[in-house]
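Please look over the model below and consider how each structural label attached to it can be justified. The questions that follow set computed values against the criteria behind such labels.

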There are 2 protein chains.
Amino acid sequence: MNARQILEDAGVRPSVQRLAVMDYLATHKTHPTVDEIYSALAPSIPTLSKTTVYNTLKLFVENGVTQMLTIDEQNSRYDADVSPHAHFLCSKCGKVYDLQFVDFANTLPEEIDGHAIKEVYQFFKGICSCCAEK
Amino acid sequence: MNARQILEDAGVRPSVQRLAVMDYLATHKTHPTVDEIYSALAPSIPTLSKTTVYNTLKLFVENGVTQMLTIDEQNSRYDADVSPHAHFLCSKCGKVYDLQFVDFANTLPEEIDGHAIKEVYQFFKGICSCCAEK
DNA sequence: ATTCATTTTTGTAATCATTTCAATTTTGTT
DNA sequence: AACAAAATTGAAATGATTACAAAAATGAAT
C-alpha cells in the first residue's frame, strides 16, 4: 500500500509534505528520528520546516498510521508499521531492529488488572549481531 | 532490604543523598520523575541539588540497582524494582502501574535473531481502572 | 476565474529536561 | 591535622520539542 493510500484511508489530507514523510517512513524501516526525516527530505522539498515534520508525525500518530517509539532516550523514533511487533535497540551502534512480538503475538490481552489496554510496546536492548561480530 | 543494604551490595558508597534517593524509590513505587524525587527530598536535605539527583540516578542505573523507564515521553521515570515486570501508563491520569510480565516471565530469551539481549521493557498504555470508573 | 474561509506550512522564539563543567564540600586515609 | 579522592553543588550550555503568529496553499461557493 502506498503512502497516498494510507493517508486517504486514515482521512488525512495528502499534502506534499505529508506524502513525503509517509513515503519516507514506508520505504525506510529504520525507525528514523525527526532530524533524520527532515535531513532526508529537505533537499527535495527546499521549503520544508522541521516544525512541519513534527506536526506531521503528531498527526500520523493521532490517526493511528504511525507509532512513536520511546526506546531511545535521546530522540523519539517513528515507525509506519503499526502492526504489533517488538523493537531491539543496539547500545553500540544505536540502530533499531524490528523483532516479532515475543510470545503473545496472537493473544494480546485487551485488559490487564482492570486497565484497558490501547497500546503495547516491547523493547529490547543489547548488542546486535552485527556489532557482536567485530 | 533497606536502602543502605542495596547500595552496599552494589558497591555504591551510601552518602546521605544517595540513601535518600534510594530510600525514596524503595518506599514510593510510583515510578517518580527526577523532579518528583527532588521536590520530595529537598525539604529534608536543603542543600540538595537537582544535578545530584540526576547524577545519583545515573549511578544507580549503571550499577543495576535502578531501571530507567522511557514509557512517558516527557520525563524519564525511575524504578528501584529491577526484577522483570511490565509497566502500564494511564493516558488520562499519567500514573504508571506495575504489571506482571505478560507470558514470558520465566522464559526470557538471552538472544533473538542473533542479537544479545541485556534489557527488556514491556510498556502498556491505555486508561487505568481508576480513571475508567469515572 | 475570483473571492473568501479554512487548512497547512513555515520560521522564530520559548520551553524545559538533561548535561557539562568548574568550584566547593565532604569523606576516607595517612 | 593534612592530603587526595570522591561527591555535591549551582550556573550555564545544550538540544529536542512546542507555541505561536504570519504567510502560503487549498477548496468551496459564487
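Q: In this predicted model, which residue of strand 6 of chain B stands opposite I112(B), and what makes strand 5 and strand 6 of chain B a pair?
A: I112(B) stands opposite H115(B) in strand 6 of chain B. Two strands count as paired if there are at least two bridges between them, and strand 5 (residues 111–112) of chain B is joined to strand 6 of chain B by two bridges in the antiparallel sense, so the criterion is met. In the hairpin that these strands form, with two residues between them, D113(B) takes a positive phi near 55°.

Q: How do you know that strand 6 of chain A pairs with strand 6 of chain B?
A: The threshold is at least two bridges, and 11 bridges join these antiparallel strands, each spanning residues 115–127, so they are called paired. Within this pairing, I117(A) stands opposite G126(B).

Q: Why is the approach of S15(A) to DNA strand C called a polar contact?
A: A polar contact needs a pair of N or O atoms within 3.5 Å. An N or O atom in the side chain of S15(A) is 2.3 Å from a phosphate oxygen of DNA strand C, and therefore the pair qualifies. Polar side-chain atoms of T47(A), at 2.6 Å, and of T52(A), at 2.8 Å, also lie by phosphate oxygens of that strand.

Q: What share of the atoms of DNA strand C within 4 Å of the protein belongs to sugar or phosphate?
A: Sugar or phosphate accounts for 81% of those atoms, and bases for the rest.

Terms used
Residues are numbered from 1 along each chain as its sequence is written. Chains are lettered from A and ligands numbered from 1 in the order in which they are written. This is a predicted model: local features need pLDDT of at least 70, side-chain atom pairs count only at pLDDT 80 or more; totals for chains, interfaces and linings use all residues. Side-chain values use heavy atoms; hydrogens and water are left out. A residue is near a molecule or strand if one of its heavy atoms lies within 4 Å of it. A polar contact is a pair of N or O atoms within 3.5 Å; within protein, one must be able to donate a hydrogen and the other to accept it, and residues adjacent in sequence count only if both atoms are side-chain atoms. Helices (H or I, at least four residues) and strands (E, at least two) are DSSP runs, numbered from the N terminus.
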